[in-house]
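Open the model in your viewer and keep the selection box handy. We'll go from stop to stop, with something to pick at each one.

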2 protein chains.
Amino acid sequence: MSSRLKDVAARAGVSIRTVSNVVSGSGAVAESTRARVQAALDELGYRPNIAARNLRAGRTGLIGLAIPELHSPYFGELAGLIVEAAQQRAWTVVIDQTFGDPDAERRLLEGAGGRMVDGLIISPWSLSPEELATRARDIPVVLLGERDPNGHADRVAVDNVLAADEATTHLLDAGRRRVAAIGLQPHLRNGTALRRLEGYRSALRRAGLTPEPELERTVTALHREDGARAMTALLDSGVRADAVFAFSDELALGALHTVLNHGLRVPEDVAVVGFDGIEDARYANPALTTVVPDKRQIAERALQCLADRIYSPGAGVPPLDIAVPHRLEIRASTHPRPGPPAGAAAEAR
Amino acid sequence: MSSRLKDVAARAGVSIRTVSNVVSGSGAVAESTRARVQAALDELGYRPNIAARNLRAGRTGLIGLAIPELHSPYFGELAGLIVEAAQQRAWTVVIDQTFGDPDAERRLLEGAGGRMVDGLIISPWSLSPEELATRARDIPVVLLGERDPNGHADRVAVDNVLAADEATTHLLDAGRRRVAAIGLQPHLRNGTALRRLEGYRSALRRAGLTPEPELERTVTALHREDGARAMTALLDSGVRADAVFAFSDELALGALHTVLNHGLRVPEDVAVVGFDGIEDARYANPALTTVVPDKRQIAERALQCLADRIYSPGAGVPPLDIAVPHRLEIRASTHPRPGPPAGAAAEAR
DNA sequence: ACGAGGTATTGCCACGTTGCATGCGACGTT
DNA sequence: AACGTCGCATGCAACGTGGCAATACCTCGT
C-alpha cells in the first residue's frame, strides 16, 4: 500500500539516504546500486509522501486560485487556463470560491489556508482597493482585475476603460445614439464595473452625447438572469434604447434573450455588445459581439508573476501592473448582415 | 511572518503542547491559560503549518477532481458544486484537467499526485471500463459517468439510457419522425455516448421506427463547434431530419446555431434537444430543451462516497452504483409556442 | 606497498505538529 | 490528617523526507 523510503531501502539492501538520492536524482549513486534501488522502487510502487516533502522543503507546490464562482463561463474558462499553465510549471491548483463574499476574500488574503499554498491568485469582487492594500500577507499574491493601489500585490487585467470605450464606440460608429449600459453594481466596492462605465461615458462624450442616468442600469449579480431582468426593466420603463453595452457576456446574453422575447430584432432594433469573450457568445443567436480579453495571457502572466515572487522572494521588484491585450470581436449582434456561420469560423481558427 | 507553535509558546510562557491544545481545542486547558495563549496566538498571527499537520495525521485534507476540461460549461458547473460541497466538509479541492488524454487518466488513477490527496473524483473519457477496473489505487476513487465493471470504485451518474430514451420520446411524441442523434465518439472507449445511443434507439424502436445509420452522427469532441460541424455535415448530406437529439448541450447549441444559420426555423423545421442542463441552454435563442441531471446531487453523493471510504477504510462496503435523478426540461427549441421569457422563469425559480 | 584523491554510501538531524503517558499540585472525602 | 482523584500542564517520540558532513571503500600513481 503505502511504501516509504524505509521500505524500499530495506528491500534494496541500502540506506534510506541512497534511495532518496535515487529518487531525487541528486548525489552520486553507482549505476548498479541505482538499478537495484529502481527495481525495488518499481516493485513496491513507491510514491513520495508529499506532506513530508513539503514540510522539509517549506514549499507545497500548490497555488491557490480564489474566484467568485466556478460555474460562470468566464471564470470557468480562466480557471481552466490557469490550471493548465500551472501544470506546465509543475504546480497544482487548489480552487476556492468566494461567491463575492467579502469575508471569504478577506480570509483568503490573510492566509486562511494555513501555509498550504505557495502563492495566491485572487479575483476580488467585493473588497475595496483600500482594503486589499491593508490585508498584508506572507505569500505572493496576484490580483486579477482589481488593483491594489498601495501596491503589495501584482495585478493582471485588461485596460477596462479603453476596452469599454472601444465597445461603445463601435456601437456609436454604427449609428446608434441611445446606448444603454448594463452592469453597474453600486453595492460592491469592486472597481471593474466603474472603469467600464468610465470608458462607456467617455466614448459617449467624444461622440458629442451626454450620458443619461436612465440608460445606466444596475444589476445585483452578473449572471444571465440579471441581464435579462435589467433589460426587462429597461424595456418596461419606456426608455428608448437602440443598443446595449453589457459589462459581461452573461449579462449580454440575458439581455439578448429578453430583447428577442419582446419581439424586437437584434441587431436591427437593438444592437448588443458583451464583455469577456466567452465561448457561448460565439454561438449565441445572433452571435454576440464582445470584448475578448486574452485569457491565456492573463493566466500565463499571473503565473509568471507568482513564479518570480516565489523563487526570488527578496528581489525587491516593485508590484507590477500588467495590462493584457484585448480585441473587439464583431459578430452578428451588432452587425446588420450576419457573417458566415460560426461553424465555418471555428474551422478557420 | 511565519510563527510556529514554538514562538507562541515562548511568548505565552507555556509549553508547545499547551498551545497545541488551545489551537486544536483538545485536552484540558485552564481558562486563564487559554486566554493568555489565545492572546499570543492573535498577536503573532499564528497559522498552523498544514504540511506538518498532514504529515502527522497521514491525511492531507485535499481531494482531487480530475475532469477532462474546466472550460466547458458542464464541467465548470459541476466542479463549482463539488468545490462548494467540499468546502462544507472542510476539504480542499485540487483540480486536474485530463483533456481526455488516456495517459493522464491512467496516471491520476495510479496516484500520480503522490499521496497528496485523500481521495479522487474522476470523470474518465477515454479509458475503457476494463482498464478502469485494473488500475487499482491506494486511495478511494469515485467515478463520474463511467462505470467500473469489476468494481473497485464507487460510481455516480444519471441513468443515461433512460434519460436519452425520454429525450427522444419527447421528440417522437411531438410528431417528429426523423430524429438525428449527434454525439457518437467511436474513437473513445467511454461508454456514456454508447448508453445515450442505446436509449435513443430504444425510443425509436418503441415508436415503431428503425434506427438509421445516416441519422447517427459522430463527433470528435463535445464542443459547440463539433456540434456545428456535425450539423453542417448532416444538412449538406441531404439526409432529411426534423429533429436532433444531441448528446450534450454544447453539441446541441452548435447544432442549433447551424440550423438557424441555414435559414431553417427551430423548432418548426428542426426541433433540438440537448443533454446536461447547462445554464446557457436556458438562455439560448430559442431556449434549449435539455436533460437536466441533478448536478448538486452528483457533487454531494460523490463526496459522501469519498467521506465514507476515507473515514471508514476497511468497512467492506461493496462499490456503490448511484443513479442520480434527472428531468427533461422542455423549452422553446422543441415546443412550438415559446414559453414565457426566461427572465420571468428565472425570477420564478 | 602505501598514500592521495575521489567516489559511493551513510548517519544524524530538523522541518512543525500531535498522541501518549506522565508529572505535579490542589481539592475533597473519610 | 492522610489518601485518592481529578484537572492541568508538560516531555518525549514519531510522521517521511532531504541537507549536511562524515566515513567507508576503491582506484590509481609513485
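Start by selecting A:V94 and B:V94: B:V94, in β2(B), is the bridge partner of A:V94. Now widen the selection to the two strands. Strand β2 (residues 92–97) of chain A and β2(B) pair in the antiparallel sense over 3 bridges. Strands count as paired here if DSSP finds at least two bridges between them. Helices (H or I, at least four residues) and strands (E, at least two) are DSSP runs, numbered from the N terminus.

A word on bookkeeping before we move on. This is a predicted model, in which local features need pLDDT of at least 70 and side-chain atom pairs count only at pLDDT 80 or more, while totals for chains, interfaces and linings use all residues. Residues are numbered from 1 along each chain as its sequence is written, and chains are lettered from A and ligands numbered from 1 in the order in which they are written.

**The axis**

Colour the two protein chains separately. A turn of 180 degrees, with a shift of 0.1 Å along the axis, lays chain B on chain A with an RMSD of 0.2 Å. That is the relation of a two-fold axis. Go back to B:V94: in chain B, its C-alpha is the one nearest the axis, 2.2 Å away. Both copies use the same surface, as 98% of the contact residues of chain B recur in chain A. (The superposition is by least squares on C-alpha atoms of residues with pLDDT of at least 70 in both copies.)

**Where the chains meet**

Next, select the contact residues: 51 in chain B touch 51 in chain A. Contact means that the C-beta atoms, placed from the backbone, lie within 7 Å. On the chain B side, the elements giving two or more residues include α4, α5 (73–88), β2 (92–97) and α14 (342–348) of chain B. Which element gives the largest share of that side? α5(B) does, with 7 residues. By class, the chain B side has 21 nonpolar, 18 polar and 12 charged residues. Here Ala, Val, Leu, Ile, Met, Phe, Trp, Tyr, Cys and Pro count as nonpolar, Asp, Glu, Lys and Arg as charged, and the others, Gly among them, as polar.

While you're there, click on B:A90, in the loop between α5 and β2 of chain B. B:A90 isn't a glycine, yet its phi is positive, about 65 degrees. Most residues other than glycine have a negative phi, and most peptide bonds are trans.

**The DNA**

Show DNA strand D. It is surrounded by 25 residues, the closest being A:L5, A:N49, A:A52, B:S15 and B:T33. A residue is near a strand if its C-beta atom, placed from the backbone, lies within 6 Å of it. Helix α2(A) gives the most to this surface, with 5 residues. Now switch to DNA strand C, where 26 residues lie around the strand and A:S15, A:A28, A:T33, B:L5 and B:A52 come nearest. On this surface α2(B) gives the most, with 5 residues.

**The sheet in chain B**

Hide the DNA and zoom in on chain B, where 6 strands form an open, mixed sheet in the order β7-β6-β8-β9-β10-β12. β7 (216–218) and β12 (326–329) of chain B stand at the edges with a single partner strand each, so one side of each has no neighbour in the sheet. The average twist from one strand to the next is 20 degrees. Strand β6 (residues 179–184) of chain B runs parallel to β7(B), and 3 bridges join them. To find the pairing, select B:L184 and look opposite, to B:T218 in β7(B).

Add helix α10 (residues 224–236) of chain B, which packs on the sheet, touching β6, β7 and β8 (243–246) of chain B, at about 140 degrees to β6(B). Axes are lines fitted to C-alpha atoms, for helices over the stretch in contact, and angles run from 0 to 180 degrees between N-to-C directions.

**Two cis bonds**

Last stop: which residues does the cis peptide bond in chain B join? They are B:N285 and B:P286, with omega about -5 degrees. B:P286 sits in the loop between α12 and β10 of chain B. Over in chain A, the peptide bond from A:V266 to A:P267 is cis, with omega near 10 degrees. Look for A:P267 in the loop between α11 (249–261) and β9 (271–275) of chain A.

How values were computed:
Two residues are in contact if their C-beta atoms, placed from the backbone, lie within 7 Å.
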